[in-house]
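Trainee: I have a model open and some questions about it. Shall we go through them one by one?

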Amino acid sequence: MIIVWGTTEVEKRLGYAADFCPICRDLRGFESCRVGMAGHLYGVHLGSGRRVGDIRRCLTCRIAGATTPESYVSLARRPAALEELIDATFPTIRSHYARRLALERQVEADPSRLPAELRSQYIDEPFRLIAPMAEEFFSNVRIDGYMFGVGRRWLRRTIYPKLARALSPLQPNDSEIRAAIDPLKSQKAKLGRRAKVAPIMRFLALPQNEAR
Ligand SMILES: [Zn+2]
């Protein structure tokens, strides 16, 4: 008899809050989750596990990142309209992110007027935020001939639309995209090795829709 057991990440949703999303480039509703490592037996979790950290996930684009739920005055029990979430969870959000929100208005008005250093920082940012997703995905799949296709499909469905959503207001050219990918490649990050400039440019040429 083979007993299948191990440890796995378990997410527990703590509540909802408003925050700034660098992929959507605006204020958004987020879910806040505790991540634990729990034992499992035949895929059945044994409890919610040891706390390893907290994440927040944008309800619009689904990007997840580390967070400290203590930074919100409270967490809402249900998702709500943005202004309602702001009042309940992060009432100082507009002054807290004043500089970033002003720069985002500048990006919207004319991305070419952004200072060069800030522009390359803003082009790097979504790659850096998305890199952990690729790290996790490509660590969990075995890459052989078949899985190579799965990896490419996953990039097309999950990763390129997010990158395009974040980058399209900046209207980057292909050498700027290459400049963002190259450092990830030399750091041996999986996103750096897998993401390609040409499909990102193709996604950037598409009209961006809110659901991405
Ligand atoms: Zn978002």
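Trainee: Is the crossing of α4 and α6 left-handed or right-handed?

Mentor: First, a caution: this is a predicted model, where local features need pLDDT of at least 70, side-chain atom pairs count only at pLDDT 80 or more, and totals for chains, interfaces and linings use all residues. Residues are numbered from 1 along each chain as its sequence is written. A crossing is left-handed if the near helix is turned anticlockwise from the far one by less than a right angle, and right-handed if clockwise. Here the crossing of α4 and α6 is right-handed.

Trainee: At what angle do helix α4 and helix α6 pack?

Mentor: Helices here are DSSP runs (H or I, at least four residues), numbered from the N terminus. Axes are lines fitted to C-alpha atoms over the stretch in contact, and angles run from 0 to 180 degrees between N-to-C directions. The axes of α4 (residues 116–140) and α6 (residues 174–186) lie 9 Å apart, and the angle is about 45°.

Trainee: Which residues of helix α8 are buried?

Mentor: A residue is buried if 20 or more other C-beta atoms lie within 10 Å of its own, and exposed if 12 or fewer; C-beta atoms are placed from the backbone. Helix α8 spans residues 197–205, and its buried residues are I200, F203 and L204.

Trainee: Why are they on the same side of α8?

Mentor: The arc is taken from the directions from the helix axis to the C-beta atoms. The face turned away carries the exposed A198 and A205. The buried residues share a side of α8 because they cover an arc of only 100°.

Technical notes
Helix = DSSP H or I, 4+ residues; strand = E, 2+ residues; numbered from the N terminus.
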